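Trainee: Could you take me through one part of this model up close? I'd like to hear how the pieces sit against each other, residue by residue.

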Amino acid sequence: MSGPIDGNYRFDTFVVGSSNRLAVSAARAVAEAPGSSYNPLFVYGGSGRGKTHLVAAIAHQARAANPDLRVEFTSGEEVAEHLHRVIASGQGQLFVEHYQPVELLILDDVQFLTGQRETQSELLRLFNIMQGAGRQLVLTSDRQPSEIPDVDQRLLSRLIGGLVVDVGAPDYEMRLAILRNVAGARGVEFADGVLNEVARLAFSNVRELKGALNKLSAFQQLEGTPVAPPDVRAVLGERASPAPAPVPVSVLVSVSSRPPRLEAIIPDGSDYEGFLADVMQEVETRVEPWRVALGEAMSRWTSQGYNIAVLERAMSLPTAPDVDGLIATFSAAVDHLRRLEAQAGSFDPALRGHAAFRDVASIPLAQQLVERAMASTLPLPAPSPAFTRDRLDIRSANQLAVKAIDSVIMNPGTRYNPLFICGPTGSGKSHLAHALGNAMRPRAAVACLSASAFVEELIAAMQEGGMERWRLRFRAADVFILDDVEALSGKERTQEELFHLFNHLYERGSQIVLTSKHTPRELPELADRLRSRFEGGLVVALQSRERHRVEQLVERAPGELDRFFEDREKTMWHWPDLGGRLIEEYR
């Protein structure tokens, strides 16, 4: 299985209702007999409705029934990046070779293939090979295949050639069941009737629903006051948006028989996390005696300083594996290590000769060293040192937000992730975010910048051809703080990059903090998939800052700095007359 999949994404943790019953039934059928029916299975629906949970459940159940099943779980964007990498390296044939041995291929968010004709052409070729061999395809999208713009018609016909089924908005019963499950899993207790009251709000997706539960839980924990059913709407502060009308389900079924399973070792490419397991599978299942050739290969690689423990284990078996295949795979792994070492050394010469580049079992570590070396050439933007936790002016208008950042500082990436702080200009949201970042340093890698700077850095990376370094820079963050996210309005490419960065950081447990003048629901021209993720954590609203009375200000000496605004987001200078006073705001 390529890459980690959340262990909570199983069928027994997926709440079934009228809006997703058909999709769940089809998913279970595919998991029980991949390639036998509904091939491909295409699941679509709005962001946050459980598509990824459902298809990940297919992978878990299929592997539980058949541990030897070759499963690949990836996304449309990752597939496109993979193709670009192998083409850039002059080894375009490795793309299909990488996926060809896979027996269950799951592609999440295929809508990102829009306009990528070269990737679509290669996918069409891959789909033909896999379906011809009876191997299962599962795809997800935020829209129906026919509504994905600029898709090759031949590929479109493949996408709709199996079963196309939607995952709709949860109804009241589903919402209540989900709320109870989440509250039970987190050990959070509410008064009778509270969850029922939340479920009556027509949340359009599960992330918004969990976000509302987070807010109620935070209110109880930070305020020390149990929420009562009549208080629910007041605590949440706004009604959920009405759920959209259900979309009719298009059903097209094709049945194909499943041929015998084909064995292959993962070819040279970017994913080597399962290399050792696959080599040993070859060792334990192939029987072709050729000890002399294996011994010669071991001597050659030992003289070059490579760890040959895998080959030694093969030599100790009572019968030999497919020696030709094993040597070819080990040789490809060594070549990959050499490329990684050269790449790492170009950024940090001290990494040349690192032990990870001499052991095929350490390829994941070698890749991490390369990523860290690349990211280190572009240090993370730091929070302003002027905005610290001890200089916060704590008052009734920001007390809940201060308690929330204190909780995040103690346990980052857990309960309140993401943390979304919203409020009008001058309410102190930037100080809160920067103070959190400063409190986390140096024990954590903190990236703190404004959304405007984020956009400008992306544009510069595109101009200079440094997108991969730009992405790796922020993916290395343990805490990612984005100030004034309203600046992302209408910037589609930046929002797309932030979407993938958000998913990567969230999955690795990094803390995400965002600030804005508006709530996520009120942000203009923001993609729904980002909006639902922003609402999936804790949204804290700030009120306008209280000001001194004019007569108190007049008493101060001319030119004296007003210390009332201890967080230094407002600076007040005094002139001899009140009319000459200048108030300068800086953020």
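Mentor: Here is a look at one helix pair, followed by two buried side chains elsewhere in the chain. Keep in mind that this is a predicted model.

Let's start with α18, which covers residues 451-464, and α20, which covers residues 492-507. Their axes come within 10 Å and cross at roughly 100°. An angle from 65 to 115 degrees counts as roughly perpendicular, so that is how α18 and α20 are arranged relative to each other. On the α18 side, the contact is made by F454, V455, L458 and M462. Facing them from α20 are R493, T494, E497, L498 and L501. Sort the residues of this contact by type and you get six nonpolar, one polar and two charged.

Now for D109, which sits in the loop that links β3 (104-108) to α5 (117-132). D109 is buried, yet it has no salt bridge. The nearest side chain of opposite charge belongs to K51, and that one is 5.3 Å away, while a salt bridge needs the nitrogen within 4 Å of a carboxyl oxygen. Leaving out residues up to four places away in sequence, D109 touches G76, T140 and F499.

The other one is Q220, in helix α9, residues 206-223. Its relative accessible area is 16%, and the cut-off for buried is under 20%, so Q220 counts as buried. With residues up to four places away in sequence again set aside, Q220 touches E189, F190, T225, P226 and V227.

Note on methods. Residues numbered from 1 in each chain as written. Predicted model: local features only at pLDDT ≥ 70, side-chain atom pairs only at ≥ 80, totals over all residues. Heavy atoms only, no water. Axes fitted to C-alpha atoms, helices over the stretch in contact; angles between N-to-C directions. Helix = DSSP H or I, 4+ residues; strand = E, 2+ residues; numbered from the N terminus. Parallel < 35°, antiparallel > 145°, perpendicular 65-115°, else oblique. Contact = heavy atoms within 4.5 Å. Nonpolar A, V, L, I, M, F, W, Y, C, P; charged D, E, K, R; others polar. Buried < 20%, exposed > 50% of the residue type's maximum accessible area, 1.4 Å probe, protein only. Lys, Arg positive; Asp, Glu negative; His and termini not counted.
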